[in-house]
Every structure is written in structure tokens, then in C-alpha cells.
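Trainee: I'm new to this one and would like a close look at a single part: the cysteines. Could you walk me through them, and then show me how they sit in the rest of the chain?

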Amino acid sequence: MVSPRLPLVRRDQQILQASAELFLERGFHNVRLEDIGAAVGITAPAIYRHFANKDEILVTLFDQAMDHLLLLVHEAGPDADPHAALDALVTAQVDFALTDRQVVSVYAREARSLEGTWRRHVSRRHREQVDRWCAALSACISGRTDAELHSAAHACIGMTLSVAQWPKEARQTPGLRDMLTAMVHGAIAALDDEPQ
């Protein structure tokens, strides 16, 4: 089981930032602890004071990103309007994709690099996000099976996270945030049509 981490200190953040840049540039398996240490100005053995290994660095990057995403989503109470809750989820997902692009890119490329407990931990966090989408969609859309809602959740998440892989000029489109938000809402509206 992955143990909960204590609050991160400044050096932890430096290691994480350098690691994210190196993983994105070279790929997880092509980055050594010596490379990360050199980027931060410490030795590779000094990294062990902060992280157990390179896998923990990668998982911590993913955990931070997921925690950021969850902070962007306004927790809806039991009496909250389900459409407002879904709208908040769409907005948070789009904002996350546009602001955490580096980690989203690393996740898309490197999540499969993890093994064992680390991989299960990241998979569990991803499932939590998909389940959140399924619950929000289910509260707003009737007549769709659980399987259809599950596929729709993946489609909405995938549509937003794909921004990380777009060429720079596409990411600089004026009004991109609003356009992407409208496109996700359009996909959801299409789902609300009568099932074929």
C-alpha cells in the first residue's frame, strides 16, 4: 500500500518539478536519479531523503495533479443542483487540462511505466475520477446504461486531457477554455438524446 506523504518541503517540489521536465523530455525510463539530482543541484543519494525511488516521484507528481483537480471541483452537497455539479466538473476538468499540461503529458506517456503497488495506486485515483464523472452524468441523464455512462465519462475526460498533446499553436487558440468547455457540454447534450 502506498503510504500517505507528509506535506512537501521546498526541496521536494524542486525534485518534482525537475523530474516532470525530464520525464516529459526524455521519458521515465531514460531519466536516472543522477539526472534529477543534477537538475536540482544535489547528489542522487540525497534524493532518497525525500523519495523512496523514481516510482514514488512519478506517483507523487500524479497525486499532486489529481489533488489539484479535486480542489477545482466544488463539492456539491446532497441538495445541490445536479446540472450545476456537472457544470462544475466540466469546468474543473478543462481548467486542469489547460493549467497542468506538463503533468498531464507525463501521465499520458508514463503511467504504464509504474509497476505493482504504485500502478494500482494511480489506477485507483483514476477510477475515482471516472466514478465522479459517472455519478454526475447519471444524475443528469436518464435512459443510458452504466456501461454507456462509463464510456461517456472516459470520452469527456479524454477530450479535455488530449489538450496536453496538441501542437502549441492549437493550444494558443483565443477563447480555447470556453470552446473546449462548450464542446464537452455538446458531447454531454448528445448523450442526453434518445439512445440509438
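Mentor: Let's start with the yardstick: a disulfide is a pair of cysteine sulfur atoms within 2.5 Å. Keep in mind that this is a predicted model, so every distance here is computed from its atoms.

Now take C134. Its closest cysteine sulfur belongs to C156, and the gap is 9.9 Å. Hold that against the 2.5 Å cut-off and you can see why there is no bond: the two sulfurs are too far apart. C140 is in no disulfide either, and for C140 the nearest cysteine sulfur is again that of C156, 11 Å away. The count for the whole structure is 0 disulfides.

Are C134 and C140 buried or exposed? C134 has a relative accessible area of 15%, so it counts as buried. C140 comes out at 12%, so it is buried too. The cut-off at work in both cases is 20%. Across the protein chain, 42% of the 196 residues count as buried.

For contrast, look at E25, in helix α1, which covers residues 10-26. E25 has a relative accessible area of 63%, so it is exposed. Its C-alpha atom is 9.2 Å from that of V106, although the two residues are 81 apart along the chain.

Stepping back, the protein chain is built from 10 helices and 0 strands. Its C-alpha trace spans about 60 × 40 × 30 Å along the principal axes. If you count contacts between residues at least 6 apart in sequence, 75% of them join residues at least 24 apart.

One helix pair is worth a visit before you go. Helix α5 (residues 82-99) packs with helix α10 (residues 176-191) at an angle of about 135 degrees, and their axes are 10 Å apart. That angle makes α5 oblique to α10. The crossing of α5 past α10 is right-handed. Which residues meet there? On the α5 side you'll find L86, D87, V90, T91, V94, D95 and L98, and they meet L176, R177, L180, T181, V184, H185 and I188 of α10. Sorted by class, this contact of α5 with α10 has 8 nonpolar, 3 polar and 3 charged residues.

So, back to your cysteines: C134 and C140 are both buried, and the structure holds 0 disulfides.

Notes. Residues are numbered from 1 along each chain as its sequence is written. This is a predicted model: local features need pLDDT of at least 70, side-chain atom pairs count only at pLDDT 80 or more; totals for chains, interfaces and linings use all residues. Side-chain values use heavy atoms; hydrogens and water are left out. Helices (H or I, at least four residues) and strands (E, at least two) are DSSP runs, numbered from the N terminus. Buried means under 20% relative accessible area, exposed over 50%, partly exposed in between (1.4 Å probe, protein chains only). Axes are lines fitted to C-alpha atoms, for helices over the stretch in contact, and angles run from 0 to 180 degrees between N-to-C directions. Angles under 35 degrees count as roughly parallel, over 145 as roughly antiparallel, 65 to 115 as roughly perpendicular and the rest as oblique. A crossing is left-handed if the near helix is turned anticlockwise from the far one by less than a right angle, and right-handed if clockwise. Contact means heavy atoms within 4.5 Å. Ala, Val, Leu, Ile, Met, Phe, Trp, Tyr, Cys and Pro count as nonpolar, Asp, Glu, Lys and Arg as charged, and the others, Gly among them, as polar.
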